[in-house]
Amino acid sequence: MRLLLIGAPGAGKGTQAQRLAERFNITHISSGDLLRQHVREQTSIGQTIKAYVDAGDLVPDAVVMDMLRKPVVAAVESGGYVLDGFPRTVDQAKAAFEVASALGVAVQAAVHLDVPDDELIRRLLARGRGADDTEEVIAHRLHVYREMTIPLLDYYAGREWMFTVDGTQSPDEVEQDIEGRLRKLAAFDTSQGRGAGDPG
Ligand code: AP5
Ligand code: MG
């Protein structure tokens, strides 16, 4: 299975990706976690991107694409992936589709976790992950989400393999909703005999 999780900062992408990875025996790949690991380990990528991550700005596409290629291919070879935080712009989605469809590893379903701003802010302040969970940077991350990622949702809108789940429910309820929708999608795909991932 090959899944995408799309949602604002604090929407629960990491929380649900981890659950789905266990549930379906696929690999959880978080662009943010990998980037933060580079920063922690002070790799050359880490040194290039630290300022972006700390400020809540998007890291340049080429860096993210290069970083993800190997883990995604490895994940596909061992059963599939749930990608958390990538793609997060229309450009990234188009570039990823080019690469992934050439390799036969294009996405099969995209889940949008919908949570209102006040709840996102509450969760992120409570978590306090590091430099990017301050009030000021959270506000900027939400701005970047509206400017750069909402257009991605618009771009995917109407595709039968993309659906929205109410992310304000408990983690268990969100997970059940996602699984229910994935089951319906699988039934639909079987009956229609078509795959997903085609960006049109
Ligand atoms: P990234 O790591 O992707 O961060 P984010 O999108 O800001 O999202 P978070 O990880 O903060 O939240 P989440 O949705 O995973 O929620 P979580 O499950 O943790 O990106 C960080 C940075 O990396 C970016 O700003 C950018 O610089 C860079 N980057 C990453 N990807 C990039 C890309 N593709 N291109 C360019 N740059 C990129 O939950 C949050 C909290 O809420 C937790 O405490 C959790 O316990 C709690 N919670 C979760 N679910 C629930 C629930 N249902 N009810 C109550 N609480 C809940
Ligand atoms: Mg996360």
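Start with Glu 175, which is buried in this predicted model. Its relative accessible area is 15%, and that counts as buried because the cut-off is under 20%. To find Glu 175, go to helix H8, the stretch covering residues 171-192. While you're there, look across to Arg 19: the two residues are 156 apart in sequence, yet from C-alpha to C-alpha they are 7.4 Å apart in space. That's a nice reminder to check the fold as well as the numbering.

Now hop over to helix H7, which takes in residues 135-156. Two residues are worth a stop here. One of them is Arg 141, which sits in this helix and is buried, with a relative accessible area of 9%. A polar atom of the Arg 141 side chain lies 2.4 Å from the backbone oxygen of Asp 132. The other stop is Tyr 145, also placed in helix H7. Tyr 145 counts as buried because its relative accessibility is 10%, with the line drawn at under 20%. Follow Tyr 145 through space and you get to Gly 56: the two are 89 residues apart along the chain, and their C-alpha atoms are separated by 9.9 Å.

Arg 141 also leads us to the ligand. Ligand 1 has 32 residues around it, and Arg 141 is among those that come nearest, along with Thr 15, Ser 31, Asp 57 and Arg 127. Where does ligand 1 sit? The space it takes is the largest pocket. Several helices help to build the surroundings: H1 (13-24), H2 (31-40), H3 (44-55) and H6 (117-127) each supply at least two residues of the shell. Which helix gives the most? That's H2, with 4 residues. As for the chemistry of the shell, its residues divide into 12 nonpolar, 12 polar and 8 charged.

Zoom in on the oxygen atoms of ligand 1 and you can pick out some polar contacts. On the side-chain side, a polar atom of Arg 127 lies 2.8 Å from a ligand oxygen. The backbone joins in too: a polar backbone atom of Gly 10 is 2.9 Å from an oxygen of ligand 1, and a backbone N or O atom of Ala 11 lies 3.3 Å from an oxygen of the ligand. How much of the ligand does the protein bury? Taken alone, ligand 1 exposes 1,000 Å², and the protein buries 87% of that.

Finally, let's look at some backbone details in the loops. A cis peptide bond joins Phe 86 and Pro 87, with omega at about -10°. You'll find Pro 87 in the loop between strand S3 (81-84) and helix H5 (90-103).

Then there are Asn 25 and Gln 42. Asn 25 is in the loop between H1 and strand S2 (27-30), and its phi is near 60°, a positive value in a residue other than glycine. Gln 42 lies in the loop between H2 and H3; phi there is near 50°, again positive in a residue that isn't glycine. Buried or exposed? Asn 25 has a relative accessible area of 64% and Gln 42 has 58%, so each counts as exposed, the cut-off being over 50%.

How values were computed
Residues numbered from 1 in each chain as written. Chains lettered and ligands numbered in written order. Predicted model: local features only at pLDDT ≥ 70, side-chain atom pairs only at ≥ 80, totals over all residues. Heavy atoms only, no water. Near = heavy atom within 4 Å. Polar contact = N/O pair within 3.5 Å; in protein donor to acceptor, adjacent residues only side chain to side chain. Areas by Shrake-Rupley, 256 points an atom, 1.4 Å probe, with all protein chains shown as cover. 1 Å grid on protein atoms, 1.4 Å probe; cavity = no way out; pocket = protein on both sides within 12 Å on 5 of 7 lines; lining within 4 Å. Sits in = over half its atoms within 2 Å of the grid points. Nonpolar A, V, L, I, M, F, W, Y, C, P; charged D, E, K, R; others polar. Buried < 20%, exposed > 50% of the residue type's maximum accessible area, 1.4 Å probe, protein only.
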